[in-house]
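Work through the exercises below with the sequence and the model side by side. Try each task before reading its solution.

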Amino acid sequence: MSDTIAAIATAPGPSAIGVVRLSGPDTCTVLDRVFRPKNGRPMSRQEPRRLVLGDVLDRDGQVIDSALAVLFPGPGSYTGQDCGELQCHGSPVVLDAALAAMLAAGARQAKGGEFTRRAFLNGRMDLLQAEAVADLIDAETAQAAHNAVGQLEGVLSRTVAEIYDGLMAIVSRFYAVVDYPDEDIGDLQREDMLDTLRRAENRLEELLATFSRGKLLKLGVPTVILGRPNVGKSSLLNALLGYDRAIVTDVAGTTRDTVEEKVRVGHVLLRLCDTAGIHQTEDAVEKIGVERARAAARQASLALLVLDGSTPLTDADREAMDLARQAPNLLVAVNKSDLPRAVDIGRLADEFDNMVSLSARSGEGVSVLCDAIGAMYPAGEGRPGELLTNARQADAVSRALASVRSARSALDIGMTPDVVLTDAEAALEALGELNGKHIRDDLIQTIFSRFCVGK
């Protein structure tokens with residue numbers, strides 16, 4: 001981290017404002033080369049954290065923009081090093097020229113996630129907070145953003161630290177007694193150890209239970225649209241998306257493969273999968289489509305079963321019903337409410353708890369369907385910032401939990417303290433991987449590789 005890095009920090013394409021960032025020991029030198037303040041003092045002598053008006057110079061010293069610059073001295077900056085920013089007009093040509101000038105002045109192009117990686121390595125944030133930065137950038141709903149901000153502010157980090165400190169107190173007390181037998185250090189009491197391990201176990205169980213909710217919050221609810229051919233599945237997909245994503249015709253079997261899209265329904269993000277109509281067929285291509293529909297149903301968290309309310313139920317409808325019942329959550333959409341009703345709604349209501357009547361073509365009742373989906377996945381479940389959102393976090397918590405349970409079991413059956421402490425130390429190691437206290441360089445590289453350049 002002895003070199004100085006630079007990158008465009010705003011999204012590609014024209015915009016009102018574009019930002020070019022710097023971090024490293026030569027930040028002031030580079031800024032003095034590429035920015036000329038209107039007040040006549042070089043940036044290295046400007047007041048920190050104060051926007052300064054001036055001219056941005058290209059690598060040949062020619063003025064390319066009138067902009068603002070700001071200097072953030074380390075160690076109180078984002079990365080813990082000297083940092084700087086140019087806030088230019090958002091022309092890609094201007095931003096590229098400003099970045100080229102910085103590179104000519106001695107900086108190098110930053111890699112994806114390198115600013116945040118330096119913040120982590122310099123102790124400005126732990127690994128959970130660093131991952132929250134990427135989650136916040138990628139957030140597709142307000143709830144996902146709230147959770148990411150909570151993690152960035154340290155909600156999850158404090159919970160993990162509390163568990164870590166409790167286990168460390170056991171381990172450190174044991175080694176203190178062994179290493180300094182002549183000192184007046186009280187021995188570990190069995191009940192105290194049991195109490196600490198029980199509390200750690202309970203908290204880790206609570207954390208691990210948040211992963212399913214956090215995964216849905218971040219990635220979206222896997223949702224499959226099921227039904228026999230020509231009941232309006234693709235029309236419902238288009239109605240939810242707000243545009244014609246799937247081809248809709250009166251010809252049964254138009255959809256032969258799965259069509260996947262994301263859509264936000266109120267506060268819920270859905271990963272919608274429109275499928276081929278469920279029916280018996282000898283057509284080889286249709287058979288593949290139907291099998292893919294079955295596979296999508298098995299993987300879904302929510303099934304939207306679409307029935308044609310204008311025609312009597314068929315064997316294919318019953319087959320689709322049986323398939324939809326395999327999903328953890330099921331919502332029945334009785335479509336074509338704009339046509340004369342041929343389905344006994346009362347009998348369907350006896351079979352299914354959640355049912356909505358609608359017309360995907362006209363849009364009538366679609367908002368009711370959206371409200372019903374929102375009720376299935378209510379906002380506010382779990383404290384924002386304390387939801388695990390990726391498999392790495394869940395795996396570390398799971399391993400820590402297994403070790404704590406093993407330590408408590410060893411203590412329950414009367415094993416010696418050193419056996420108990422071996423498991424306690426394994427739990428500490430797993431928790432250290434979770435927040436970055438103990439982590440391999442290759443894992444750090446993997447984690448930060450998903451970040452965008454400039455962050």
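Helices and strands here are DSSP runs numbered from the N terminus, a helix being H or I over at least four residues and a strand being E over at least two. The model is predicted.

**Exercise 1. Determine how far α3 is covered, and look at what comes just after α3.**

Solution.
- Take residues 114-121, which form helix α3. A residue is buried when its relative accessible area is under 20%.
- Six of the eight residues of α3 meet this cut-off, and the helix is mostly covered.
- The buried residues are Glu114, Phe115, Thr116, Arg118, Ala119 and Phe120.
- Just after α3 comes glycine 123, which has a positive phi of about 80°.
- Two of the buried residues also appear elsewhere: Glu114 and Arg118 belong to a network of salt bridges together with Asp3 and Arg108.

**Exercise 2. Compare the span of α4 with its expected value, then describe its start and its burial.**

Solution.
- The helix has twelve residues, and at 1.5 Å a residue the expected span is 16 Å.
- From first C-alpha to last, α4 reaches 17 Å, which is close to that expectation.
- At the start of the helix, a side-chain oxygen of aspartate 126 comes to within 3.1 Å of the backbone nitrogen of leucine 128.
- Nine of the twelve residues are buried, which leaves α4 mostly covered.
- Among the buried residues of α4 are the charged Glu131 and Asp135, as well as Leu127, Leu128 and Val133.

**Exercise 3. For the salt bridges of lysine 38, lysine 262 and arginine 399, find the partner, the separation in sequence and the exposure.**

Solution.
- The model holds 24 salt bridges, counted where a side-chain nitrogen of Lys or Arg is within 4 Å of a carboxyl oxygen of Asp or Glu.
- Lysine 38 pairs with aspartate 55 at 3.3 Å, N to O. Lysine 38 sits in the loop between β3 and β4 and aspartate 55 in strand β4, so the bridge ties together parts 17 residues apart in sequence. Lysine 38 is exposed at 52% relative accessibility, whereas aspartate 55 is buried at 12%.
- Lysine 262 pairs with glutamate 140 at 2.8 Å, N to O. Because lysine 262 is in strand β9 and glutamate 140 in the loop between α4 and α5, this pair ties together parts 122 residues apart in sequence. Lysine 262 is partly exposed at 41%, and glutamate 140 is partly exposed at 36%.
- Arginine 399 pairs with aspartate 395 at 3.0 Å, N to O. These two are four residues apart in helix α14, which means about one helical turn between them. Arginine 399 is partly exposed at 33%, and aspartate 395 is partly exposed at 41%.

**Exercise 4. Describe the second largest pocket by its volume, its lining and the elements that supply the lining.**

Solution.
- The volume of the second largest pocket is about 260 Å³.
- Its lining consists of 13 residues, divided into six nonpolar, three polar and four charged.
- Pro222, Glu260, Arg271, Cys273 and Gln299 lie nearest the centre of the pocket.
- The strands β8 (221-226), β9 (259-265) and β10 (268-274) each supply at least two lining residues, and so does helix α10 (284-299).
- To place the residues near the centre, use those ranges: Pro222 falls within β8, Glu260 within β9, Arg271 and Cys273 within β10, and Gln299 within α10.

Conventions. Residues are numbered from 1 along each chain as its sequence is written. This is a predicted model: local features need pLDDT of at least 70, side-chain atom pairs count only at pLDDT 80 or more; totals for chains, interfaces and linings use all residues. Side-chain values use heavy atoms; hydrogens and water are left out. On a 1 Å grid over the protein atoms alone, a cavity is a set of points where a 1.4 Å probe fits but cannot get out, and a pocket is an open set with protein on both sides within 12 Å along at least five of seven lines; lining residues have an atom within 4 Å of a point. Grid points are joined across faces, edges and corners, and a volume is the space filled by probe spheres set on the points. Buried means under 20% relative accessible area, exposed over 50%, partly exposed in between (1.4 Å probe, protein chains only). The expected span of a helix is 1.5 Å times one less than its number of residues. A polar contact is a pair of N or O atoms within 3.5 Å; within protein, one must be able to donate a hydrogen and the other to accept it, and residues adjacent in sequence count only if both atoms are side-chain atoms.
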